[in-house]
Amino acid sequence: MSYDNARPKKVDRKKFDLDLSAGEDGEKMIFDILKSGKVEVKSEQGKWADTGNICIEFQSYAKPSGIDVTEADYWVQNLMVEGEHYATIIMPKKVLKSVTDSGDFKWVRGGDHMASKMWLVNLPKLFKKSTIMKALGYW
């Protein structure tokens with residue numbers, strides 16, 4: 001499937017002329033990410049809705065795992081509530097790795113037999129300007 005065949009047509013869009021170029025660039029970017037197949041997809045279950053945190057695994061049974069070993073270019077985190085899809089976060093893996101390596105987030109144990117280590121990433125903090133600027137190398 002090509003991007004041109006996948007994208008909505010003009011007749012399917014309301015207020016088509018507003019910010020058309022930026023919108024098309026954004027559509028193509030998402031299409032290219034998904035088409036590349038180089039994505040790591042995780043689904044965070046409902047606990048995130050209570051705590052505001054997601055977990056990014058980096059070690060399991062004393063061996064590197066998750067974010068530290070994936071060959072994916074993008075990290076996709078589905079946010080689920082009672083089995084229903086609520087939202088999805090898509091981040092370049094190198095940006096998320098910069099966030100987790102920043103020292104601004106703590107790690108916790110979890111998973112089967114508490115054998116995994118994972119970064120506890122607070123969603124409001126993940127989207128703070130200071131976190132973003134630091135992760136992108138501006139600060």
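**Strands, rings and charges**

Guide: Leu-79 in this predicted model stands opposite Ala-87 in E5.

Visitor: How many bridges join E4 to E5, and which way do the strands run?

Guide: Eight bridges join E4 to E5, and the two run antiparallel. Pairing needs at least two bridges, so with eight the two strands count as paired.

Visitor: What makes the turn between E4 and E5 a place to look at?

Guide: E4 and E5 form a hairpin with two residues between them. Glu-82 lies in that loop, between strand E4 (74-81) and strand E5 (84-92). Phi of Glu-82 is near 50°, a positive value in a residue other than glycine.

Visitor: Why does Glu-82 count as exposed?

Guide: The relative accessibility of Glu-82 is 77%. Exposed means over 50%, so Glu-82 is exposed.

Visitor: Which phi does His-113 have, and where is its place?

Guide: His-113 has a positive phi of about 55° although it is not a glycine. His-113 is in the loop between strand E6 (107-110) and strand E7 (116-122). Its relative accessible area is 73%; set against the cut-off of over 50%, His-113 is therefore exposed.

Visitor: In which order do the strands of the open sheet stand?

Guide: The order is E3-E2-E7-E6, four strands with antiparallel pairing.

Visitor: What makes E3 and E6 the edge strands?

Guide: Strand E3 (63-64) and E6 each pair on one side only. Within the sheet, E2 and E7 are joined by seven bridges. At least two are needed for a pair, so E2 and E7 meet the rule. Glu-57 stands opposite Met-118 in E7.

Visitor: How many aromatic pairs does a search of the whole structure find?

Guide: The search finds three aromatic pairs. In one of them, the rings of Phe-58 and Trp-107 have their centres 6.4 Å apart and their planes at 85°.

Visitor: Why is the pair of Phe-58 and Trp-107 called edge-to-face?

Guide: The limit for the centres is within 6.5 Å, and planes over 60 degrees apart count as edge-to-face. The values for Phe-58 and Trp-107 are 6.4 Å and 85°, so the rings pair and the pair is edge-to-face. The two residues lie in distant parts of the chain: Phe-58 is in strand E2 (residues 53-60), Trp-107 is in strand E6, and they are 49 residues apart.

Visitor: Is Phe-58 counted as buried or exposed, and why?

Guide: Phe-58 has 11% relative accessibility. Buried means under 20%, so Phe-58 is buried. Trp-107, at 40%, falls between 20% and 50% and is therefore partly exposed.

Visitor: Which residues do ring pairs link into a cluster?

Guide: The cluster is made of Phe-58, Trp-107 and Trp-119.

Visitor: How do you know that the charged end of Lys-117 sits over a ring?

Guide: The charged end of Lys-117 is 4.5 Å from the centre of the ring of Trp-107. The distance limit is within 6 Å, so 4.5 Å satisfies that part of the rule. Lys-125 lies over the face of Phe-105, at 4.9 Å from the ring centre.

Visitor: Why is the contact of Lys-28 and Asp-32 called a salt bridge?

Guide: The N to O distance between Lys-28 and Asp-32 is 2.9 Å. A salt bridge requires the nitrogen to be within 4 Å of a carboxyl oxygen, so the pair qualifies. Because they are four residues apart in helix H2 (residues 20-36), Lys-28 and Asp-32 are separated by about one helical turn.

Visitor: How many salt bridges does this rule count?

Guide: The count comes to six. Among them is the one between Lys-134 and Asp-104, with the closest N and O atoms 3.2 Å apart. That pair links distant parts of the chain: Lys-134 is in helix H6, and Asp-104 is in the loop between helix H4 (93-100) and E6, 30 residues apart.

Visitor: Which residues are linked in a network of salt bridges?

Guide: The network holds Asp-68, Lys-97 and Asp-101. Between Asp-101 and Lys-97 the closest N and O atoms are 3.1 Å apart.

Visitor: What makes Leu-136 eligible for a nonpolar surface patch?

Guide: Patch residues need over 30% relative accessible area. Leu-136 has 46%, so it passes that cut-off. Phe-127, Ile-132, Leu-136, Tyr-138 and Trp-139 make a patch of about 600 Å². Leu-136 is in the segment after helix H6 (129-135).

Conventions
Residues are numbered from 1 along each chain as its sequence is written. This is a predicted model: local features need pLDDT of at least 70, side-chain atom pairs count only at pLDDT 80 or more; totals for chains, interfaces and linings use all residues. Side-chain values use heavy atoms; hydrogens and water are left out. Patches are made of residues with over 30% relative accessible area and no salt bridge: like charges are joined within 9 Å, nonpolar side chains (Val, Leu, Ile, Met, Phe, Trp, Tyr) within 5 Å. Accessible areas come from the Shrake-Rupley method with a 1.4 Å probe; for residues, only the protein chains shown count as cover. A salt bridge is a side-chain nitrogen of Lys or Arg within 4 Å of a carboxyl oxygen of Asp or Glu. Buried means under 20% relative accessible area, exposed over 50%, partly exposed in between (1.4 Å probe, protein chains only). Rings of Phe, Tyr and Trp (its six-membered ring) pair if their centres lie within 6.5 Å; planes under 30 degrees apart count as stacked, over 60 as edge-to-face and the rest as tilted. A charge sits over a ring if NZ of Lys or CZ of Arg is within 6 Å of the ring centre and within 35 degrees of the ring normal.
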